[in-house]
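Reader: Please take me through the helix packing and the salt bridges of this structure, with the reasoning for each point.

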Amino acid sequence: MSSTLPIVLSGPSGTGKSTLLKKLFAEFPSTFGFSVSSTTRNPRQGEVNGKDYNFVSVEEFQKMIGEKKFVEWAQFSGNYYGTTVQSVNEVKDSGRICILDIDMQGVKLIKLIPELKCKFIFVAPPSIESLRERLTGRGTETEESLSKRLAAASAEIEYSKEPNAHDIIIVNDDLDRAYTELKEFIFKKD
């Protein structure tokens, strides 16, 4: 691999980012390291603290903001989400390429840190309607949370179209093709 730059993967909830990352980690288990985000939301069924997320209280998260412990953070649907400097450094120190799975607000914040050079990848749904079907199919969304996620998705898709917002946009309408495109971009020579 020619680059060890951190990889910032973003895109609306339900576009298949987690599925793509699982495939990447399964194929290259010692190449990449996942930056584990911190959140104040409750764990979903099967999620493990310290693996899927670092689950913290609102008070603890706000204290970490004040102590400038985040590379990026955002508030969404009443919960905080963020990537700590420590989590990025842990991956880097392990000799792996750090992958950050973050939202549009996080992408914008990371772009404000000139010394943090990254590769930016946006995973897009084929359409808002297909995204609605995916999110509804999860069975985890209320009508209110679905509306909020779809509004956020529309904003993220619009931002992705801005010049220099991302290095590549991958439309995940076919998982195998999207995964191939992801790998080709990550491993291409700079």
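Author: A definition is needed beforehand: a crossing is right-handed if the near helix is turned clockwise from the far one by less than a right angle, and left-handed if anticlockwise. The model under discussion is predicted.

Reader: What is the handedness of the crossing of α1 and α7?

Author: The two elements are helix α1, residues 17-27, and helix α7, residues 175-187. By the rule just stated, the crossing of α1 and α7 is right-handed.

Reader: Are α1 and α7 parallel, perpendicular or oblique to each other?

Author: The axes of α1 and α7 lie 10 Å apart and make an angle of about 60°. Angles under 35 degrees count as roughly parallel and those from 65 to 115 as roughly perpendicular. The angle therefore makes the relation of α1 to α7 oblique.

Reader: How do the residues of the contact of α1 with α7 divide into nonpolar, polar and charged?

Author: On the α1 side the contact is made by Thr19, Leu20, Lys23, Leu24 and Glu27. Helix α7 contributes Leu175, Asp176, Ala178, Tyr179, Leu182, Lys183 and Ile186. The division is seven nonpolar, one polar and four charged.

Reader: Which residue forms a salt bridge with Glu27?

Author: Glu27 belongs to helix α1, and its partner lies in helix α7, 156 residues apart, so that the pair links distant parts of the chain. Glu27 has a relative accessible area of 39% and is partly exposed. The closest N and O atoms are 3.1 Å apart, and the partner is Lys183.

Reader: How do the residues of the contact of α5 with α6 divide?

Author: The axes of helix α5 (residues 128-138) and helix α6 (residues 143-160) come within 11 Å and cross at roughly 145°, and the crossing is right-handed. Among the residues of the contact are Leu131, Arg132 and Leu135 of α5 and Leu146, Leu150 and Ile157 of α6. The division is seven nonpolar, two polar and three charged.

Reader: What separates Arg132 and Glu129 in helix α5?

Author: Their side chains meet in a salt bridge, at 3.8 Å from N to O. Arg132 is partly exposed at 32% relative accessible area, and Glu129 is partly exposed at 43%. Because they are three residues apart in helix α5, the separation is about one helical turn.

Reader: Which residues are joined into one network by salt bridges that share partners?

Author: One salt bridge is between the side chains of Lys69 and Glu67, at 3.3 Å from N to O. Lys69 is partly exposed at 41% relative accessibility, as is Glu67 at 40%. Through shared partners, the network joins Lys63, Glu67 and Lys69.

How values were computed. Residues numbered from 1 in each chain as written. Predicted model: local features only at pLDDT ≥ 70, side-chain atom pairs only at ≥ 80, totals over all residues. Heavy atoms only, no water. Axes fitted to C-alpha atoms, helices over the stretch in contact; angles between N-to-C directions. Helix = DSSP H or I, 4+ residues; strand = E, 2+ residues; numbered from the N terminus. Parallel < 35°, antiparallel > 145°, perpendicular 65-115°, else oblique. Contact = heavy atoms within 4.5 Å. Nonpolar A, V, L, I, M, F, W, Y, C, P; charged D, E, K, R; others polar. Salt bridge = Lys/Arg side-chain N within 4 Å of Asp/Glu carboxyl O. Buried < 20%, exposed > 50% of the residue type's maximum accessible area, 1.4 Å probe, protein only.
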